[in-house]
Amino acid sequence: WKFIATAAEGTLFIQDATASVNRVAIDTSGNVGIGKTDPGKILDLQSTDGLALRFYNSTTFKGGLEVVTTDGQMISTSVVDDFAIRSQSDMLFATGGNTERVRIDSSGNVGIGTTAATWAKLDILGSGGAQTGATQALQVKAPSATAGEGVGIRLNAASGSHEAVGIIGMVNNASGNAGAMTFHTYNLGATIPERMRIDN
């Protein structure tokens, strides 16, 4: 390894002396780039294989990361067998322009398109307009267009002696691109038979 500085008070590079390739850069703002020679953030990582950061505990791919925000809230990211992000307050997901798209609040409620999931565990704010076109807030799509098959939404209580199950479904017609809505309720057996159908 060797250290190479650009012009006076310029970027400092840590270079692989054998290959003469810059591996780490520290610019005049204090930004550090690993695998990136022009870091734009405090820590900028770039990898050629799609995985820029890993945590190891001994020889196992495990570990953790704690991020403390300016208001003292802690976000703990744990990598064990699954990936989990834990926050002491609401967790926000934003896209370009820092526009909030999804929020998970401290109660575990999820809001999509809304900043407050007040009425349900999952609260989706859809587009307004007539429901004769593609303006719905939620789509559940079948994996195929096989006749007699389709997709459904399952509603059920906790298992036990009073378990209840209901399904609102859609089945494809034998031909054409139309289908029918079906309604099913539990019958204490292995299947949940259809009770009512609204055809196209």
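In this tour, Ala, Val, Leu, Ile, Met, Phe, Trp, Tyr, Cys and Pro count as nonpolar, Asp, Glu, Lys and Arg count as charged, and the others, Gly among them, count as polar. These classes are needed for the lining of the largest pocket, which divides into 8 nonpolar residues, 5 polar residues and no charged ones. The model on the screen is a predicted one.

**The whole chain**

Please begin with the entire protein in a cartoon view. The protein contains 16 strands and 0 helices. Of its 200 residues, 16% count as buried. Among contacts between residues at least 6 apart in sequence, 5% join residues at least 24 apart.

**The sheet of S1 to S5**

Please select strands S1 to S5 next. They form an open sheet of 5 strands in the order S1-S2-S3-S4-S5, and the pairing is mixed. Strand S1 (2-5) and strand S5 (43-45) are the edge strands, each of which pairs on one side only. From one strand to the next, the twist averages 25°.

Within this sheet, S1 and strand S2 (residues 12-16) are paired in the antiparallel sense over 4 bridges. To see one of the pairs, display Ile4, whose bridge partner in S2 is Phe13.

Then move to Ser20, in the loop between S2 and strand S3 (21-26). Most residues other than glycine have a negative phi. Ser20, although not a glycine, has a positive phi of about 55°. Is Ser20 buried or partly exposed? Buried means under 20% relative accessible area and exposed means over 50%; with a relative accessible area of 47%, Ser20 is therefore partly exposed.

**The sheet of S13 to S16**

Please select strands S13 to S16. This is an open sheet of 4 strands, ordered S13-S14-S15-S16, with antiparallel pairing. Why is one side of S13 and of S16 left without a neighbour in the sheet? S13 and S16 stand at the edges and each has a single partner strand, so one side of each has no neighbour there. The twist in this sheet averages 15° from one strand to the next.

Strand S15 (179-185) rewards a stop, and its side chains should be shown. They alternate along the strand: Ala180, Thr182 and His184 point to one face and are buried. Gly179, Met181, Phe183 and Thr185 point to the other face and are not buried.

Which strands pair with S15? With S14, the pairing is antiparallel over 7 bridges. With strand S16 (residues 194-198), S15 also runs antiparallel, and 4 bridges join the two. Individual partners can be picked out on both sides. Toward S14, Phe183 is the bridge partner of Ile168, and Thr182 stands opposite Gly169. Toward S16, Thr182 stands opposite Arg197.

**The turn between S14 and S15**

Follow the chain from S14 into S15. The hairpin of these strands has 6 residues between them, and Gly176 takes a positive phi near 80° there.

Asn173 also belongs to the loop between S14 and S15. Its relative accessibility is 23%, so Asn173 counts as partly exposed. Leaving aside residues up to four places away in sequence, Asn173 touches Ala147, Ala178, Gly179, Ala180 and Asn200. Please select Asn200 together with Asn173: they are 27 residues apart in sequence, yet their C-alpha atoms are 8.9 Å apart in space.

**The two pockets**

Rolling a probe the size of a water molecule over the atoms shows where empty space is left. The largest pocket holds about 430 Å³ of space. Of the 13 residues that line the largest pocket, Leu138, Gln139, Val140, Val151 and Met170 are the closest to its centre; selecting these five brings the viewer to the right place. Which strands supply at least two residues each of this lining? They are strand S13 (150-156), strand S14 (165-172) and strand S15 (179-185).

The tour ends at the second largest pocket, with about 160 Å³ of space. Its lining consists of Ala142, Ser144, Ala145, Met170, Asn172, Asn173, Gly176, Asn177, Ala178 and Gly179. Asn173 and Gly176, visited at the turn, are thus among the lining residues. The lining of this second pocket divides into 4 nonpolar residues, 6 polar residues and no charged ones.

Notes
Residues are numbered from 1 along each chain as its sequence is written. This is a predicted model: local features need pLDDT of at least 70, side-chain atom pairs count only at pLDDT 80 or more; totals for chains, interfaces and linings use all residues. Side-chain values use heavy atoms; hydrogens and water are left out. On a 1 Å grid over the protein atoms alone, a cavity is a set of points where a 1.4 Å probe fits but cannot get out, and a pocket is an open set with protein on both sides within 12 Å along at least five of seven lines; lining residues have an atom within 4 Å of a point. Grid points are joined across faces, edges and corners, and a volume is the space filled by probe spheres set on the points. Two strands pair if DSSP finds at least two bridges between them. Axes are lines fitted to C-alpha atoms, for helices over the stretch in contact, and angles run from 0 to 180 degrees between N-to-C directions. Buried means under 20% relative accessible area, exposed over 50%, partly exposed in between (1.4 Å probe, protein chains only). Contact means heavy atoms within 4.5 Å.
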